[in-house]
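Me: Could you take a close look at one loop of this model for me, and then work outward from that loop to the packing around it? I would like a connected account rather than a list.

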Amino acid sequence: MTKDESTLRKEQAEKTKQKLLATAKSLFSKNGYNGTSVRAISHQAELADGLLYHYFPGGKKELFQTIVAENFTKVRKETAEGCCYEQYRSLSIEEVLISGFNRFTDIIENNINIIRIIVKENNACDFISPKNIIDLTDCHKKIFADFLRRRAEEGEIKQMDFDAAAATILSYLVNYITMRAMNIKPAKTANDQDIKRIINYHMDIWKIK
């Protein structure tokens, strides 16, 4: 086998593997882990029965584990990007909230399938420690609390319980994630009236009077 042929085979194998992952993620999100069979994944991916085990010897469980672990890492990385204070220095707090809501809702919608799997499937807890999820939310609460604290020091808002204020905003995002995961609420942006009301409400509480 020539080098070009070997490279081509590796590329084709990787494409097949990624096709299996994407297909399984969609089916797990729609039908749940127990409601999705190996045959259904293979059929949806238009692959021969049994080929899945070539790429994932552990079968459906290994496939599920790979999807949950890899995508949780991806979501965690995406939410961590853009959390530098300096890049928001020229924006008002209201503008930062609007930008933040838009950014997080974009991340949610781009990863809605894996979020639905994590929220709805008990099996996901076998591959993601609850501590990792708690650490993720606590990290963002601290970042936003520190942001509010610095803005108070600069005189833009009043002194307050910054941790509680950050937790309040974060709780709305967690609620939004849950509602989207359960397919109860449609997708939102910071231009939606309910989000605008939430931002205006908090700005009214935080502003110096």
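Reply: Glu-46 is found in the loop between H2 and H3, in what is a predicted model. Although Glu-46 is not a glycine, its phi is positive, at about 60°. The relative accessible area of Glu-46 is 68%, above the 50% cut-off, and the residue is therefore exposed.

The helices on either side of this loop, H2 (38–44) and H3 (52–55), each supply at least two residues of the largest nonpolar core, as do H1 (3–31), H4 (59–80), H5, H6 (112–120) and H8. That core has 30 residues, and Leu-20, Phe-28, Ile-41 and Leu-63 are those with the most contacts inside it. Its largest share, six residues, comes from H4. A second, separate core of 23 residues includes Leu-97, Phe-144, Ala-145 and Leu-148.

Ile-41 deserves a separate word. Once its neighbours within four places in sequence are left aside, Ile-41 is in contact with Leu-20, Thr-23, Ala-24, Leu-27, Phe-28, Thr-36, Leu-52 and Leu-63.

Ser-29 can be set beside Glu-46. Ser-29 lies in helix H1 and has a relative accessible area of 7%, which is under the 20% limit, so Ser-29 counts as buried. Not counting residues up to four places away in sequence, Ser-29 touches Asn-113, Arg-116, Ile-117 and Lys-120.

There remains the pairing of H5 with H8. Helix H5 covers residues 93–110 and helix H8 covers residues 162–181, and the two pack at an angle of about 25° with their axes 11 Å apart. Because angles under 35 degrees count as roughly parallel, that description applies to H5 and H8. H5 passes H8 in a right-handed crossing. On the H5 side the contact is made by Leu-97, Phe-101, Phe-104, Thr-105, Ile-108 and Glu-109, while H8 brings Ile-169, Tyr-172, Leu-173, Tyr-176, Ile-177 and Arg-180. Sorted by character, the residues of this contact are nine nonpolar, one polar and two charged. Leu-97, one of the H5 residues in this contact, is also among the residues of the second core.

How values were computed
Residues numbered from 1 in each chain as written. Predicted model: local features only at pLDDT ≥ 70, side-chain atom pairs only at ≥ 80, totals over all residues. Heavy atoms only, no water. Axes fitted to C-alpha atoms, helices over the stretch in contact; angles between N-to-C directions. Helix = DSSP H or I, 4+ residues; strand = E, 2+ residues; numbered from the N terminus. Parallel < 35°, antiparallel > 145°, perpendicular 65-115°, else oblique. Left-handed = near helix turned anticlockwise from the far one by under 90°. Contact = heavy atoms within 4.5 Å. Nonpolar A, V, L, I, M, F, W, Y, C, P; charged D, E, K, R; others polar. Core = buried A, V, L, I, M, F, W, Y, C linked by side-chain atoms within 4.5 Å. Buried < 20%, exposed > 50% of the residue type's maximum accessible area, 1.4 Å probe, protein only.
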